[in-house]
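I sat down with this one to look up its pockets, its cavities and a few residues. Here is my notebook, for anyone who likes to follow along.

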Amino acid sequence: MLEIEPMPVPSDLTHGLPRGASSPLGATPCRDGTNFSVFSKHATGVDLLLFDHADDAQPARVIRIDPASNRTGHYWHVFVPGVTASQLYGYRVEGPWDPSRGMRFDPAKVLLDPYGRGVAVPDRYSRDAAKRTGNNSATAMKSVVVEPSAYDWEGDQPLRRSSAQTIIYEMHVKGFTRHPSSGVGERISGTFAGLIAKIPYLQRLGITAVELLPVFQFDAQDCPAGKVNYWGYAPVSFFAPHQAYSSRQGPLGPVDEFRDMVKALHRAGIEVILDVVFNHTAEGGGDGPTLCFRGLDNTAYYILGEDRSHYGNYTGTGNTLNANHPVVRRMIVDSLRYWVKDMHVDGFRFDLASILARDPSGQPIPNPPVLWDIDTDPALAGTKLFAEAWDAAGLYQVGSFIGDSWKEWNGRFRDDVRAFFRGEPGSAALMADRLVGSPNIYGHEEREAEQSVNFVTCHDGFTLNDLVSYNDKHNEANGEDNRDGADDNRSWNCGVEGPSDDPAVETLRNRQVKNFLTVTLLSIGMPMILMGDEVLRTQSGNNNAYCQDNEISWFDWALVEKHADMLRFVTLLNAWRRMRDTAHERRRWSLNELIRHADKTWHGVKVGQPDWGEHSHAFAFEARLRREGLHMYLILNAYWKPLEFELPPVGGTGSWRRWIDTALASPRDISRRGTAASVPGCTYRAAAHSVVVLVEGSGGAMLP
């Protein structure tokens, strides 16, 4: 039985204060003060707490919200004159403590506002104190009053770049510049400002969008003892940028620095996509802390089991957000609108998005209201929406995710491309399908060709370098006896586990990395590459570095010079990708239309004779886009021996020219415009474990 401390006697009552309004939710500054409104259906009493500093042991002012005059429906509200932007605040909420009915009110705890636009974190923040009985004012996070319009955007707007010309770079804000080698200076390393300093690198690389791992305020202490939650999949707020990613002091620093970053990236032509976590919160299961939602209305915000004391856990993290509850649906959509309208974000990647397809009992539903709310919201029209179309409880919806606007992380692309290049039986036909946009997954829908987000690596799993350097995960540093992280990685170490000083092994590994990058950037769909893969970043075999806020995860900038050949290779691939899709986007072809439009032929080592058998490890693909003047021949050889491929004839007196051969040393591995070597004869010898791309002579103009 939880021992509930009585609420302190408030210093103010709402008698004599303006009544305020139930809408909008959150803290809304006005000319003469701020309106506060919060939802709680089952609360019996609510205190608004105003703090002077994040680590204050007691609020400077306590305002008891009168349930008779200051409650409308289930919304508790009050207008407080004189309160302006940067004011710190929180709530204490009374109500029943009856876990068997899902009620977990604890009036001793300071609660964040679910709609708070900012969060202040005290130096002595304690997750454990939020679990224990007793007052935790000094160690609790506080919400911040923010005036969203008080910022000069200088005409900036979301970029609305076409899907066909989008190249995504998945990255971690802190990890990008936290390493001492970043050169940005200690004051801004690991921050939004640090990322701004490295925009020239992103421009040089040629990506068009950054997909930022979670930047909503999260609980870094939501991790095993002695570790730090580095990735950020532990949200406590869906409106506030993460305080630790700001180099500025003061409660409004994170909001303004985030917007500075967005504005600077937009000026560089780079979109900002946020990885958002609307599937669970950092409050965890029944033994977790009371930070916000649990203490306001546990039964509304979370999916509960038949025994209401237990939480539905479809995330593997202890709780699951009740996304299709009307109040939670509204919060999710309001959050997205805020980040688009007031923070100018260009898109969102939804972590474990299939959870948003579950009803309040946890069962999948055919037309989830929250997904259609997002899909059809006019304020979000044109915003990029990416779904990680699965969850941790076995619901897998790649190819069947609901909605007209959603694009999907194609996990099958990742798995099948990995399988092909490590020589698994039966992988050739699947590799061919992934190359042309996965029509066996998406062809039943007349959707855009970029419905498939193609990737081989992401934050969750091996880096590309580790994918070709380790057969097994090596997560010992995580402190879980190497039990955590995926066991099915479909990786191949090229003969030696881990680092090798054998030149032949290193040459093969570099070739394999280039193979993966080539098919990712050339396949139909929207490509995504992982931060640092372009310079062979390693995590020393750790495939679950969620708790490694150190050099295991950080970008080592010395690699930029060390692996300049790989960076050049990726940069030229990106340049071609941006060029080649201009006409395609103008016509807005669907995947099926694009495939029908192209003259395409499958080949094997013999022209016109592809081998899709169980033991085939090689094939070739010929595609001609006549209107664009592009004739391309792609050879994929995952066999352990070189193979001689017949070449189809080209028209007139033209000839094939070699654009890419991943088996060749830099700079011959990829050619710039005007330097593609002519291919003599009517065959091409493709080295073992290599990808070759030939273009017809006239098609050389399409090269960057």
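The entries below go from the open spaces to single residues and one helix.

**Entry 1: before starting**
I reminded myself that this is a predicted model.

**Entry 2: the largest pocket**
I began with the largest pocket, and I noted about 1,300 Å³ of space in it. Its lining came to 50 residues. I wrote down the ones that lie nearest the centre: W231, T315, T317, D460 and N544. Which helix gives the most to this lining? I found that it is α8, residues 411-421, with 3 residues. Sorting the lining by class gave me 16 nonpolar, 18 polar and 16 charged residues.

**Entry 3: N544**
I picked N544 for a closer look, as one of the residues nearest the centre of the largest pocket. I located N544 in the loop between β20 (526-530) and α13 (558-562). Is N544 buried or exposed? Its relative accessibility is 12%, and the cut-off for buried is under 20%, so I put N544 down as buried. I then listed what N544 touches beyond four places in sequence: W231, D460, N475, N478, D484 and G485. Two names there were already in my notes, since W231 and D460 also lie nearest the centre of the largest pocket.

**Entry 4: the second largest pocket**
Next I turned to the second largest pocket, with about 690 Å³ of space. I recorded 34 lining residues, and nearest the centre lie V121, Q243, A244, Y245 and S246. By class I had 15 nonpolar, 13 polar and 6 charged residues in this lining.

**Entry 5: cavities**
How many cavities of 30 Å³ or more does a search of the whole structure find? My tally was 7. I looked into the second largest cavity, which holds about 110 Å³ of space. Its lining consists of M171, H172, L213, Y230, W231, C458, H459, L530, M531, R537, Q539 and S553. I was pleased to meet W231 again, as it also belongs to the lining of the largest pocket. The cavity lining divides into 7 nonpolar, 4 polar and 1 charged residues.

**Entry 6: rings and charges**
I went through the whole structure for aromatic pairs and noted 44. I also looked for charges over rings. I found the charged end of R117 over the ring of Y338, 4.7 Å from the ring centre. I found R349 over the face of W409 as well, at 4.0 Å from the ring centre.

**Entry 7: helix α5**
How many of the residues of α5 are buried? For this helix, residues 293-301, I counted 9 of 9. The run goes from F293, R294 and G295 through L296, D297 and N298 to T299, A300 and Y301. I then asked what covers these buried residues, and my list includes the strands β3 (33-39), β8 (88-94) and β10 (103-104), along with helix α6 (326-341).

**Entry 8: L291**
I finished with L291, which sits in the loop between β15 (271-276) and α5. I marked L291 as buried because its relative accessible area is 9%. Setting aside neighbours within four places in sequence, I saw L291 in contact with V110, L111, L112, Y125, R127, A130, D219, V236, A282 and E283. One more distance went into the book: the C-alpha atoms of L291 and K131 are 8.9 Å apart, with their positions 160 residues apart along the chain.

Notes
Residues numbered from 1 in each chain as written. Predicted model: local features only at pLDDT ≥ 70, side-chain atom pairs only at ≥ 80, totals over all residues. Heavy atoms only, no water. 1 Å grid on protein atoms, 1.4 Å probe; cavity = no way out; pocket = protein on both sides within 12 Å on 5 of 7 lines; lining within 4 Å. Points joined across faces, edges and corners; volume = space filled by probe spheres on them. Helix = DSSP H or I, 4+ residues; strand = E, 2+ residues; numbered from the N terminus. Nonpolar A, V, L, I, M, F, W, Y, C, P; charged D, E, K, R; others polar. Buried < 20%, exposed > 50% of the residue type's maximum accessible area, 1.4 Å probe, protein only. Contact = heavy atoms within 4.5 Å. Phe/Tyr/Trp six-rings, centres within 6.5 Å; stacked < 30°, edge-to-face > 60°. Lys NZ or Arg CZ within 6 Å of the ring centre and 35° of its normal.
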